[in-house]
Amino acid sequence: MSGFYYVKVPNEPVFECRARGKFKKNNIKPVVGDLVEIQAIGNGQGVIEIILPRKNCLVRPSVANIDQLMVVFAATSPEPDFLLMDRLTVLAEKNKLFVTICITKTDLDDRNNFNKVVGRYSNTDYNIIGLSNKLNRGIEDIKDVLAGKLSTLSGPSGVGKSTLINTINPNFKLNVGDVSIKTKRGKHTTTHCELLEVIEDGFVVDTPGFTSLELEGISEYELAKYFPDFNKFNNCQFVSCAHENEELCGVKDAVKSGELSKERYKNYLLLLQEVRENGGKYR
Ligand SMILES: Nc1nc2c(ncn2[C@@H]2O[C@H](COP(=O)(O)OP(=O)(O)OP(=O)(O)O)[C@@H](O)[C@H]2O)c(=O)[nH]1
Ligand SMILES: [Mg+2]
Ligand SMILES: [Zn+2]
């Protein structure tokens with residue numbers, strides 16, 4: 001219900017809480033993943049008094065204190081949006097999160113999109129897991145990367161994020177929606193963020209799907225740092241090389257020789273342009 005926060009307290013049922021007015025006054029909103037102190041007021045209800053300092057806080061989805069970003073895309077239906085995928089990995093790097101890229105619907109993967117993803121990120125150490133919720137494929141691998149962490153699922157609507165949680169732990173019966181036959185898009189079935197203990201000591205936030213994401217608060221000078229595969233080849237002439245128009249650029253050489261993914265480099269240039277345009281706003 002709106003205005004309520006559901007707080008898990010050890011060895012107690014979940015408390016239904018409101019937040020103290022001071023938070024609103026200071027423009028602070030408790031988010032999923034927050035560690036809080038509450039005052040119990042009876043009847044399983046409480047008031048959030050303190051939000052403990054956050055290790056990190058993502059904007060979209062709005063979650064705090066996470067360890068791992070699970071970037072979820074479908075092999076098809078909807079087709080993967082590689083620029084959005086790169087935006088998400090940049091965001092994860094910026095926040096120092098583990099990255100797992102999860103490609104669902106591999107049972108429908110006629111065009112080998114899973115292998116494309118593996119190729120694009122081959123110089124990163126990201127976990128890349130192909131799975132099918134339909135055929136129960138890859139589920140054990142997912143459980144392994146969820147263990148002991150707080151992870152958030154991020155990706156477009158209709159890729160199967162909620163289905164994945166239901167498959168991992170059949171005790172959950174989250175709503176799942178169809179993908180429109182005409183537009184091949186999801187129908188925004190999940191509408192709020194929720195923290196779920198899907199395996200013992202493995203927490204996951206199911207989130208609503210989204211299609212756009214701005215790289216706020218990233219300067220043009222740091223963007224390349226968030227492409228960890230580029231770092232292996234950055235024996236450029238200039239330390240501050242933007243890997244753009246410079247001569248003697250290790251990254252550009254690696255793209256030419258095929259060691260680095262051309263598509264990923266193209267997206268880097270697009271995002272570089274974007275953070276430059278945003279630069280004035282956020283610097
Ligand atoms: N063939 C196939 N279909 C799948 C798979 N995973 C999910 N689906 C289907 O994809 C559709 C969308 O699944 P959801 O779990 O609702 O997707 P979501 O990512 O949670 O979407 P939002 O909540 O809207 O963000 C449903 O019809 C699922 O049955 C899979 O691995 N293979
Ligand atoms: Mg969902
Ligand atoms: Zn360079």
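A residue counts as buried when its relative accessible area is under 20%. With that cut-off in mind, this briefing on a predicted model takes up a magnesium site, the residue E222, and the helices 3, 4 and 5.

**Magnesium site**
- The magnesium ion (ligand 2) has as its protein donors S162, through OG, and T190, through OG1, which lie 2.0 to 2.2 Å from the ion.
- This pair links distant parts of the chain, since S162 belongs to helix 5 (residues 161-168) while T190 sits in the loop between helix 5 and strand 11 (194-199), 28 residues apart.
- Both of these donor residues, S162 and T190, are buried.

**E222 and its surroundings**
- E222 is found in the loop that runs between strand 12 (202-206) and helix 6 (228-231).
- The relative accessible area of E222 is 15%, and E222 is therefore buried.
- A polar atom of the E222 side chain lies 2.9 Å from the backbone nitrogen of S219.
- When neighbours within four places in sequence are set aside, E222 is in contact with K94 and G217.

**Helix 3**
- In helix 3 (residues 113-120), the buried residues are N113, V117 and R120.
- Viewed down the axis of helix 3, these buried residues fall within an arc of 65 degrees, so they line one face of the helix.

**Packing of helices 4 and 5**
- Helix 4 (residues 139-146) packs with helix 5 at an angle of about 90 degrees, the two axes being 10 Å apart.
- That angle makes helix 4 roughly perpendicular to helix 5.
- On the helix 4 side, I139, I142, K143 and L146 meet L164, T167 and I168 of helix 5.

How values were computed: Residues numbered from 1 in each chain as written. Chains lettered and ligands numbered in written order. Predicted model: local features only at pLDDT ≥ 70, side-chain atom pairs only at ≥ 80, totals over all residues. Heavy atoms only, no water. Helix = DSSP H or I, 4+ residues; strand = E, 2+ residues; numbered from the N terminus. Buried < 20%, exposed > 50% of the residue type's maximum accessible area, 1.4 Å probe, protein only. Polar contact = N/O pair within 3.5 Å; in protein donor to acceptor, adjacent residues only side chain to side chain. Contact = heavy atoms within 4.5 Å. Donors = N, O, S within 2.8 Å, 3.2 Å for Na, K, Ca; no water. Arc of directions from axis to C-beta. Axes fitted to C-alpha atoms, helices over the stretch in contact; angles between N-to-C directions. Parallel < 35°, antiparallel > 145°, perpendicular 65-115°, else oblique.
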